[in-house]
Amino acid sequence: MSGRAATPQPGDGTPIPSPPAPAGRGLDPLTARRRFATVSFLFWLPIGMSIATGVLLFTDRGMGLAAIAGFFAVHSLTAAAMELPTGGLSDVIGRRTVLATAGLLNCTAFTLFGLAGAAWAITLGMALMGCARALSSGPAEAWYVDTVHAHAGPGADIRTGLARGSSATSAALALGTLLGGAVPWLLGLGTGVGEWPADATGGLVIPLSVPALLGALVEIVFVLYVLSALPEPPRPPATLRGVVGGVPAAIGAGLRLGARDALIRRILLTASAAGAALAAVELLTPGRAAALTGAAESGALLFAGLACAGFLCSAIGSQLAPLAARSTRSSERAVLAGGGVVALGLTLLGVTTGATSPLATAAAVTGYGLVYLGLGIAGPNTNDLLHRRVDASGRATALSVQSLALQLVAAGAGLTAGALPLGPLPWLLAAAVVLAVALLWARRDDGRPQGDLAPALSVPAGSASER
């Protein structure tokens, strides 16, 4: 999910990109790659731990599917509302501070999920998670790209590092989901072990809520690592006037980014399609797993195993992303291929809804894996295009624009899927959206060789990047 525009000329009112940083400064690219992967792993591990039990935990707290869809919509809409302001904030005050704040907000949210059963507390937790998602959507990746460019110059390879970061994210989600599903099941095996937390806390902590509390502890580790392992070049001290003045400038640059460039619009549509696919998968699959096993705890374990396999498929897809670009001779065609794989997976999930035969079950599991494999292939290639279009002064803002598109569509798609009758329709609608967007990548762009991309977003001198 990326961007592009005509090369700016002095005096025409178009922001001029900052000159490339001299090579040879800061961490070497290999060290930066490892730290970027570690940060990605630590941030997403607790989120993975809550995935297997989230829907089932809320159901156990007495919430219906429509209410749960509303909770997820609160998360997505909060993230969408905060995306551009927080992306600009990262470009103003630095990546590390914003990432640490995201970890603290997630820690608070997971604590609420683990201890509170009221709808208002779950809603508040979802809003905090939405803020954390917005804060985290660009700074780590922007830090990595900035660090590599500072050491090796703007022509350095970043696609491999982006793929490693995406693989680390998928691995964290896979491991976290497996742990999140296994813990409640293991607590239920021992006589009296599963009841002990509820008895000791007056029913606040139940086996399904333990993964969320463990996730809060992991978030503390994440914050400490971010503060110690992500060095940044010195920035001018951030003042209230600088933040208030610089962030709106970055927001304006981000909005112009999506309005003036055809490739960027395609990338934002691709992010939107990914949001529709993920909303359908995350909302509808846990219920299918619980219905198949007949109990919430065993359903959580089954979904955990399935989600773990899906995230591993995403990790494999991310590792294959550079190969896909080389095989198809461009990142653009690799995104097209990835979108086709996602659409096929959603179709298989749709046509097997309600069927319990071994063949139908195998087809559904295959479809689930294909959704994540396709997303894994498409992600690093779209972001490779994005980083070739923007410079350091607006990189986090551009990533936030991309995440904004995903979150807005995910909120709408989740509400739609929750309102539709259970069956193949929600899956097939998501598949149609993904396929339609993927086909947009079948045509070439403005006659230039694919991959010949000039910077498209730069915050004007004296605004966000310099305050």
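## Helix H10, its partner H15 and two voids

In this predicted model, H10 and H15 are roughly antiparallel to each other, because their axes cross at roughly 160 degrees and angles over 145 count as roughly antiparallel. H10 spans residues 262-293 and H15 spans residues 425-438. The two axes come within 9 Å. The crossing of H10 past H15 is left-handed.

**The contact.** On the H10 side, the residues that meet H15 are Leu269, Thr270, Ala273, Ala276, Ala277, Ala280, Val281, Leu284, Thr285 and Arg288. Their counterparts in H15 are Pro426, Trp427, Ala430, Val433, Val434 and Val437. By class, the residues of this contact comprise 13 nonpolar, two polar and one charged.

**The second largest pocket.** This pocket holds about 710 Å³ of space. It is lined by 33 residues. Closest to its centre are Leu284, Thr285, Gly287, Arg288 and Ala289. Of these, Leu284, Thr285 and Arg288 also appear in the contact of H10 with H15. Helices that give two or more residues to the pocket lining are H1 (29-60), H2 (65-93), H10, H11 (296-328), H13 (358-387) and H15. H10 provides the largest share, nine residues. The lining divides into 23 nonpolar, nine polar and one charged.

**The second largest cavity.** The structure holds four cavities of 30 Å³ or more. The second largest encloses about 120 Å³. Its lining counts 14 residues. Thr270, Ala273, Gly339, Leu375 and Val434 lie nearest the centre of this cavity. Thr270 and Ala273 of H10, and Val434 of H15, belong to the helix contact too. At least two lining residues come from each of H10, H12 (331-351), H13 and H15. Here H12 gives the most, with four residues. The cavity lining has ten nonpolar and four polar residues, and no charged ones.

The class make-up of the contact and the two linings is set out below.

| Site | Nonpolar residues | Polar residues | Charged residues |
|---|---|---|---|
| Contact of H10 with H15 | 13 | two | one |
| Lining of the second largest pocket | 23 | nine | one |
| Lining of the second largest cavity | ten | four | none |

**Shared elements.** H10, H13 and H15 each give two or more residues to the pocket lining, and each supplies at least two residues of the cavity lining. The main contributor is H10 for the pocket and H12 for the cavity.

Notes:
Residues numbered from 1 in each chain as written. Predicted model: local features only at pLDDT ≥ 70, side-chain atom pairs only at ≥ 80, totals over all residues. Heavy atoms only, no water. Axes fitted to C-alpha atoms, helices over the stretch in contact; angles between N-to-C directions. Parallel < 35°, antiparallel > 145°, perpendicular 65-115°, else oblique. Left-handed = near helix turned anticlockwise from the far one by under 90°. Contact = heavy atoms within 4.5 Å. Nonpolar A, V, L, I, M, F, W, Y, C, P; charged D, E, K, R; others polar. 1 Å grid on protein atoms, 1.4 Å probe; cavity = no way out; pocket = protein on both sides within 12 Å on 5 of 7 lines; lining within 4 Å. Points joined across faces, edges and corners; volume = space filled by probe spheres on them.
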